[in-house]
Amino acid sequence: VAIMFTDIAGSTAFTAQHGDEESHRMVTAHNAIVREALRKFQGHEVKHTGDGIMAAFKDSAKSVQSAVAMMRGFEYYNTTAKHPFGVRISINLGEAVDEKGDYFGAAVQLSARINGITDAEQILVSDSIRDNAKGQAVFVDCGAHEFKGFSDPIRVYEVPWRADGRVSSRAAQMQKAAS
């Protein structure tokens, strides 16, 4: 199963600065964009995490396509939003324990750990996603990273989502650090 995490960057600070109502508007916009992309690319929402969503996909390529659609949706929303916001998305593929529609295990943990190094407006995926969706998306190598609880470094890849194909400045930094 491909496990995806979305996370609104800086949501706690945003709430402190703008209040609960504005924060709720931001989360509502996030949820609508994410849920539409999940519907379109056959993903399903596992659970809401307060400022993000955990989702699962049977198809790795569709998880990547969904993430790209989400980022483009956020970009479009931000063109007219009173308070634009950034979202980070991570995806990992692996075996997971399915307990009543919720997923547990190393595949979930790694996706969450990858999200922890992802910047706003960035999609990072594991090597397992890249290997399974090869030829169906573009992947930019961001080097191997050590993650808490995992004994071996794991290579991550950015998925360029902008129409012009450019990568984030964070991807360039990650590439440089990995060299």
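Is Arg35 buried, partly exposed or exposed? In this predicted model, Arg35 counts as partly exposed, because its relative accessibility is 37% and the partly exposed class runs between the 20% limit for buried and the 50% limit for exposed residues. The residue belongs to helix α2. Beyond its close sequence neighbours, up to four places away, Arg35 touches Glu45, His48 and Ile53. Asp59 follows 24 residues along the chain from Arg35, and 17 Å separate the two C-alpha atoms.

The overall fold was described next. The protein chain contains 6 helices and 9 strands. Its radius of gyration is 15 Å, which agrees with the value near 16 Å that a compact globule of 179 residues would have. The C-alpha trace extends over about 40 × 40 × 30 Å along the principal axes. Of the 179 residues, 49% are buried. Among contacts with a sequence separation of 6 or more, 66% join residues 24 or more positions apart.

The surface and the charges were also computed. The accessible surface of the chain amounts to about 9,100 Å², and carbon and sulfur atoms supply 49% of that area. The chain carries 20 positive and 22 negative charges, and the mean positions of these two groups lie 3 Å apart.

The interior was examined through its nonpolar cores. The largest of these has 35 residues, and Ile89, Ile91 and Ile123 are the members with the most contacts inside it. Two or more residues of this core come from each of β1 (2-8), α2, β3 (53-57), α3 (60-78), β4 (87-93), β7 and α5 (127-133). Another core, of 9 residues, lies apart from the largest one; Ile114, Phe147, Val156 and Ala171 are among its residues. With residues up to four places away in sequence left out, Ile123 touches Ala67, Val68, Met71, Ile89, Tyr157, Glu158, Val159 and Trp161.

Helix α2, which holds Arg35, also holds His30. His30 counts as buried because its relative accessibility is 0%, and the limit for buried residues is under 20%. Leaving aside neighbours within four places, His30 is in contact with Thr6, Ile8, Gly52, Ile53, Phe74, Phe85 and Val87. Ile53 thus appears in the contacts of His30 and in those of Arg35. Between the C-alpha atoms of His30 and Arg72 the separation is 12 Å, with their positions 42 residues apart along the chain.

Two residues of helix α4 were considered together. Ser111 is located in this helix and is buried, with a relative accessible area of 0%. Its contacts, not counting residues up to four places away, are Ile3, Met4, Phe5, Ser90, Ile91 and Asn92. One of these, Ile91, is listed with Ile89 and Ile123 as having the most contacts inside the largest core. Ala112 is likewise part of helix α4, but its relative accessible area is 36%, so this residue is partly exposed. Val97 is 15 residues away from Ala112 in sequence, and their C-alpha atoms are 15 Å apart.

In helix α5 lies Arg130. This residue counts as partly exposed, because its relative accessibility is 21% and the buried class ends at 20%. Excluding sequence neighbours up to four places away, Arg130 touches Val125, Phe139 and Tyr157. Tyr157 is also one of the residues touched by Ile123. Arg130 and Ala61 are 69 residues apart along the chain, while their C-alpha atoms are 8.8 Å apart.

Backbone angles were noted at two loop positions. Gln42 has a phi near 55°, a positive value in a residue other than glycine. The residue sits in the loop that joins α2 (20-40) and β2 (43-48). Its relative accessible area is 51%, so Gln42 is exposed. Glu121, a residue other than glycine, also has a positive phi, near 65°. Its loop runs between α4 (106-117) and β7 (122-126). Glu121 is partly exposed, with a relative accessible area of 34%.

How values were computed
Residues are numbered from 1 along each chain as its sequence is written. This is a predicted model: local features need pLDDT of at least 70, side-chain atom pairs count only at pLDDT 80 or more; totals for chains, interfaces and linings use all residues. Side-chain values use heavy atoms; hydrogens and water are left out. Helices (H or I, at least four residues) and strands (E, at least two) are DSSP runs, numbered from the N terminus. The radius of gyration is taken over C-alpha atoms; the globule rule is 2.2 Å times the number of residues to the power 0.38. Buried means under 20% relative accessible area, exposed over 50%, partly exposed in between (1.4 Å probe, protein chains only). Contact means heavy atoms within 4.5 Å. Accessible areas come from the Shrake-Rupley method with a 1.4 Å probe; for residues, only the protein chains shown count as cover. Lys and Arg count as positive and Asp and Glu as negative; His and the chain ends are not counted. The place of a charge is taken as NZ of Lys, CZ of Arg, CG of Asp or CD of Glu. A nonpolar core is a set of buried Ala, Val, Leu, Ile, Met, Phe, Trp, Tyr and Cys residues joined through side-chain atoms within 4.5 Å.
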